[in-house]
Every structure is written in C-alpha cells, then in structure tokens.
Amino acid sequence: MPQLQSRLMLTYAAAVRDFSRRRHFQCHPQVTKSVRLLKTTKGSDMPSPLSILPPFNLRSALAKVQAAENAWNSQDPVRIAQAYSIDTEWRNRDQFVCGRDQIVEFLTQKWQRELDYRLVKSLWAFTGNRIAVRFQYEYRLADGGWYRAYGNENWEFDADGLMRRREASINDVAIDSRDRRFTWASGSPRPAVGFEIEELR
C-alpha cells in the first residue's frame, strides 16, 4: 500500500500537467477540488482499491487506474479476474472474452507468449462509471524479439466497482532491446519514481 500511495501522489501531478496541457484544467472544477485534496490528504487516508466505487472523481479514477496497473504487472490471471464482474465482457484487439474463467484463460495464454512483461497505464478521462486509459507495455517473444505495445482502453464499472466492460485497441511496434524503457523487475509493481508515459511515442 505505501508504494501505491507514493505512485498516486506522483500520478496526481502528472494528471494535472496533462489536463492543463489539454486546456481542460480551468474548465473542470472537480479537477481543482481533487488537487486540493491531494495537497491536504495524508497517505493513511488514501483509498483502498477495494473501496474505489463510481461515480469517479480525479482522485478515485487515478487510484482505480493505478490498482489495475499493479494487478496486471503481477501477471496473476486469477488475481486480475477478481476485479471484473462475473458477466464482464471484453474486446481485446480482435478477441472477445466473456466472464472470469475466460479472462484467466486469455491472460494465461497471453503471458505464455509475452515474456518479461512490464506495463504502464495513464488516466486519460473519466465520467460517472466510466474511465478511459492509455497505456504502453513492453515484452519479448521466445525468439528474443522485443516489442512495445501502445494502447487505449475504455472501462465501464458496475455499482460494486467491478469492471463489467473493457474495450482495448492495441498496436505493437518492434524495438531493439537497447531501446527498452521499462526495466524494473518483471512481475512486480512499477517503482514509485520514473517510467511515466507523458509523451506520445
């Protein structure tokens, strides 16, 4: 939890810069309010991932994104599946997944193919019970070739905070191993400092 809290504090600052850069900051009072909360909230008061329910504000949306990133970086399909509703529906690239059992099967096969996986997610927008995210992740194939995937996700949650709909569009770019950006230990959360994806490329 301390690492999640540190990451959230840094992510708030990045989100404010991003909202400001897109000229939405002054137009959204909720963003201003959430930034004030950030400055006055102690780490022990940060929300637990299990208590992050819609409707979302900036604070809870950022926490939801960070919780998802940490779960996916664990590469534990069973753990990840618990964040989704029993009847959840996915579109992942050109594949369609329904329910937790299919999520476990899909992710097990994914990480049998995508080795040394490391993921970074970034909040793009939120409203009500929906969150939009952009992300990048790096992985290698068994033949040694490295790739960076660029993606966007749309999430919809039920009243219990479980994701009932996920739509992900992803493109892969071959990279040289020397051009890797994400180099922390695979299978563990992203460190609290560094490895942001503020730029487009």
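Strand 4, which covers residues 130-140, pairs with strand 5, residues 146-157, in this predicted model. The two strands are antiparallel, and 11 bridges connect them. One position at which they face each other is Glu138, which stands opposite Arg148 of strand 5. The link between the two strands makes them a hairpin, with 5 residues between them. Within this turn lies Gly144, whose phi is positive, at about 95 degrees.

Strand 5 also pairs with strand 6, which spans residues 163-175. This pairing is likewise antiparallel, and 12 bridges hold the record of contact between the two strands. Trp146 stands opposite Ile175 of strand 6. Strand 5 and strand 6 form a hairpin too, with 5 residues between the strands. Here Gly161 adopts a positive phi near 80 degrees. Strand 5 thus takes part in two pairings, one with strand 4 and one with strand 6.

These strands belong to a chain whose secondary structure consists of 5 helices and 6 strands. Along the sequence, the elements follow the order α-α-α-α-β-β-α-β-β-β-β.

The chain as a whole can be described by its burial, its contacts and its surface. It has 201 residues, of which 46% count as buried. Among contacts in the chain with a separation of 6 or more, 60% are between residues 24 or more positions apart. The chain exposes about 10,700 Å², and carbon and sulfur atoms supply 51% of that area.

Methods: Residues are numbered from 1 along each chain as its sequence is written. This is a predicted model: local features need pLDDT of at least 70, side-chain atom pairs count only at pLDDT 80 or more; totals for chains, interfaces and linings use all residues. Side-chain values use heavy atoms; hydrogens and water are left out. Two strands pair if DSSP finds at least two bridges between them. Helices (H or I, at least four residues) and strands (E, at least two) are DSSP runs, numbered from the N terminus. Buried means under 20% relative accessible area, exposed over 50%, partly exposed in between (1.4 Å probe, protein chains only). Contact means heavy atoms within 4.5 Å. Accessible areas come from the Shrake-Rupley method with a 1.4 Å probe; for residues, only the protein chains shown count as cover.
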